[in-house]
Amino acid sequence: MKGISITIPKLSDPRFIFLMFTFCFLGYILFLPGYGRSASEYLFLMSLCLFFDFFLRGIMDGKWVFPLSGLVSAFGLFMICDVSSPIYYIPMAILAMGSKFFIKIKSRHIFNPTTFGVVFTSLAFPSAVSPTGLLRWDGNLFMSLFIFICGLLMVIKVNRWAVSASYYLTAVAVATPLSFFIHENPYTYLHSLMWEGIVVYTFFNLTDPKTSPHKLKYQLLYGASIAVLTQFFRTFDMRLPEHKALLIACFLYAAIDIYIRDKEKIEVWKVREVSIGGR
Amino acid sequence: MNFFRKLLSIFFYIFLMLVLFFNFEDLFQKPEVDAKAFKLSLKEVSQEVNVDFVHENRLQFRKEIDNLLQGLKPFYEAFSASVSVVDINQDGWSDFFVPSTKRGSRSHLYINTGHGRFVEKARDYALDLLPEPVRAGFFDCDNDGEPEMLLTTNHCPILYKKDSLGQYKKIYKFPEPCQMSTAFNIFDYNRDGYLDLSVAAFSHIVPNNWHNSNNGPGGVVFYKNEGQCRFSRDTKDLNERNRRFTHAIGVVDSRNKERQDLWAATDFNLDRIFFQKDDDSYEQADEILYNSKAHNGMSVEPYYLSGDSYPSVFISQVYQPRYAVTGNQLWTFDGHKFVDSAKEQGVNKCGWAWGALFEDLNNDGRPDLIVSNGFISGDPQNQYWSMMNRFAPSSRRYLSNSINWRPVNNTTWSGHERDCVFMNTPKGFVNVSEAIDFDKDKLDGRGLVSIDLLNNGKLSVIVANQKQKLNFYKNETPSEGHWIGFRLIGKTSNRDGIGTKIKLKLENGNTLVRAHYPFNGYSAQKSSKIHFGLGPYKVAEVIVHWTNGLQEKYLNPKLDAYHSLEEGQGVAL
């Protein structure tokens with residue numbers, strides 16, 4: 001009898017850093033009265049993401065891989081979206097994990113699954129899904145600092161520090177003069193940049209190694225373009241400016257990559273195979 | 001396998017296309033409501049009944065900051081339209097009082113002539129020019145049969161008493177610290193026969209967090225009535241350390257334990273619950289709402305679905321597609337825990353909901369729910385919700401400074417919303433407000449009460465709108481059944497009978513229950529007449545639970561009439 005071979009990422013996989021941070025933070029927010037979400041809701045969403053990640057990869061790629069991406073995406077979706085009923089986690093998980101297996105260019109997924117799930121679910125169900133769940137963050141500067149340190153460790157590990165740095169610097173460079181034109185307190189956006197939700201976004205969503213550039217110069221351009229797009233969307237008071245900017249940047253980068261072939265040199269993390277069943 | 005992969009891909013793309021181009025929510029929309037099927041008619045008749053009142057509010061801050069806060073004034077000035085029903089001349093007809101908050105503007109007192117019209121008499125009672133009034137509560141604090149008035153203002157609450165000329169004179173100003181408040185409830189928490197006060201504030205400050213703020217004006221404070229309207233701060237009963245923004249305080253025996261639990265509708269945080277213990281002191285029990293998603297409680301309105309069940313507590317909340325998707329809550333104790341059934345009952349969506357009122361509008365035996373809504377109505381093209389994107393995600397420190405907020409000016413912030421009328425049908429609640437053209441001007445409703453204009457059991461509805469005209473909706477619904485009403489007169493219990501529970505046993509075996517807490521809801525005082533719609537059934541017996549523990553029974557009361565129930569006159573149980 002033939003057994004099933006499951007691929008498990010090695011501990012050197014940087015997503016484990018993210019997961020470590022995830023579980024610390026999950027504990028924090030579940031006990032934060034303002035967050036308004038329960039552990040059972042998280043378990044439900046996590047199960048959905050794990051299920052879709054594991055089986056879609058098994059079916060589409062013919063590989064049975066431990067669904068680490070599903071775990072990571074579940075956390076992102078859980079943090080960002082308020083839902084009026086957990087039933088909406090189902091389309092959210094389908095869209096997020098499906099984008100990974102069905103929307104590809106040159107056999108690589110082009111969108112960050114969390115971002116894709118958040119944007120499209122909130123477009124589809126405006127009365128039931130709200131990304132203002134973001135506002136449930138505590139607004140605690142010490143927590144921002146903690147996330148900043150964890151994020152910094154991760155972007156150094158995955159070699160994407162230039163994306164975050166470029167995003168921050170461009171955001172400041174664009175937002176400060178822009179604030180005079182749109183009659184906004186110039187400190188407003190600087191404060192937003194220090195807010196926990198944006199720190200998570202800058203270090204964890206932007207720097208997804210699978211969807212962000214590899215070479216330093218492209219990373220700088222990528223981070224800067226997202227910052228400019230975000231400012232553009234903010235100026236017009238659009239919802240989810242950061243996530244919409246990221247989706248557009250991911251798409252543009254994937255399209256341009258056909259010519260620049262930056263992704264061909266993308267890093268692959270070590271994995272090990274474990275056999276289950278069989279003789 | 002390849003075929004299966006292709007099939008899965010096709011399914012995903014179809015799903016994505018549907019998500020992008022098809023409105024899924026249409027699938028879940030309830031079908032159009034046929035207003036005729038409900039025979040409900042609430043007609044706006046303020047002119048016909050001679051009511052002409054526009055609420056005004058204009059705040060003036062200290063000179064040095066007034067200019068800086070100019071842009072946020074629409075926000076600060078958005079919380080003070082209230083209405084109180086009181087039989088001020090004790091002629092058996094319900095009158096009502098509406099304060100106007102702007103300094104120098106005139107509040108109105110409408111006296112019911114008994115012929116379907118009102119006359120404005122605020123000046124006769126010296127109630128026309130009051131110091132920035134927010135909400136009035138008429139109650140008998142010395143049990144002499146004449147109502148005194150508690151007035152919350154933009155500053156400290158004030159107690160007024162009628163003098164020998166029938167004019168209200170200030171007798172007591174509550175001491176500092178105190179701030180703008182719509183949240184008070186008047187009930188006899190220690191059951192000593194004198195009505196006590198519980199007060200909390202909302203104030204004129206901005207929160208430092210959207211869901212977990214801790215910079216509000218404070219907690220719930222008790223003032224114990226020592227008799228003869230002398231109030232002293234009672235700190236031992238409710239030792240609340242948290243600083244919260246409170247819009248309303250509701251009193252309800254939420255666990256059917258003959259206790260008077262407190263529910264505090266709390267903005268920018270969890271609503272708070274205080275269970276009354278056997279020694280009449282309180283313990284905080286918010287943890288039962290710990291995973292509640294809605295953190296913007298506006299009012300607390302309890303009702304009994306039937307006599308055997310626990311009361312349900314309706315908490316109005318903000319519902320705004322794309323931004324706040326949870327909406328109102330309807331909490332009911334199931335013997336072990338509180339369960340929210342607002343969504344299942346169909347009452348969770350009603351915009352930015354404020355006042356709430358359960359009354360049987362068509363006398364079919366099922367209390368209906370009316371909810372006022374709308375926060376700030378400005379230019380509909382200029383939505384403040386989307387402008388919040390720029391400053392809302394910020395640290396506590398930044399957010400707590402109102403100068404950092406974007407100016408509200410002439411924007412719309414959940415404005416132009418139609419108040420809701422949820423008819424209680426055997427299949428649940430159905431919102432018929434559009435079908436019956438209720439609140440067609442979509443004003444910014446706050447305090448909300450019912451009033452029996454002609455003492456004929458048809459309850460009309462008054463909605464106080466913030467900085468807008470008051471709406472009076474006359475109930476012209478053909479009656480679907482009998483009704484009965486009661487007015488309570490306490491003897492050893494408080495004279496107003498506040499806190500008394502009335503149970504009606506109908507001939508078909510059903511039981512209807514109401515507890516008399518007229519200060520529940522948002523910024524309103526309900527009538528002292530307690531109304532029951534009965535449907536086709538007669539009342540077999542009336543059981544009255546007075547607050548001092550006395551239970552009395554009355555048999556076969558006359559239907560379609562109001563009755564005065566005096567403590568000690570019934571058959572003791």
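Colleague: How many salt bridges does a search of the whole structure find over all chains?

Modeller: It finds 30. Keep in mind that this is a predicted model, where local features need pLDDT of at least 70, side-chain atom pairs count only at pLDDT 80 or more, and totals for chains, interfaces and linings use all residues. Side-chain values use heavy atoms, with hydrogens and water left out.

Colleague: What makes B:D280 and B:R191 a salt bridge?

Modeller: The rule wants a side-chain nitrogen of Lys or Arg within 4 Å of a carboxyl oxygen of Asp or Glu. The closest N and O atoms of B:D280 and B:R191 are 3.9 Å apart, so the pair passes.

Colleague: Why is B:D280 called buried?

Modeller: Buried means under 20% relative accessible area, exposed over 50%, and partly exposed in between (1.4 Å probe, protein chains only). B:D280 has 16%, so buried fits. Its partner B:R191, at 26%, is partly exposed.

Colleague: And B:R514 with B:E359, what makes that pair a salt bridge?

Modeller: Their closest N and O atoms are 2.8 Å apart. B:E359 is buried at 6%, while B:R514 is partly exposed at 22%.

Colleague: Why do you say that B:D437 and B:R418 tie parts together?

Modeller: B:D437 is in the loop between β27 (428-431) and β28 (445-451) of chain B, and B:R418 is in the loop between β25 (411-412) and β26 (420-425) of chain B, so the linked parts are 19 residues apart in sequence. Strands here are DSSP runs (E, at least two residues), numbered from the N terminus. The two side chains meet at 3.4 Å, N to O.

Conventions:
Residues are numbered from 1 along each chain as its sequence is written. Chains are lettered from A and ligands numbered from 1 in the order in which they are written. Helices (H or I, at least four residues) and strands (E, at least two) are DSSP runs, numbered from the N terminus.
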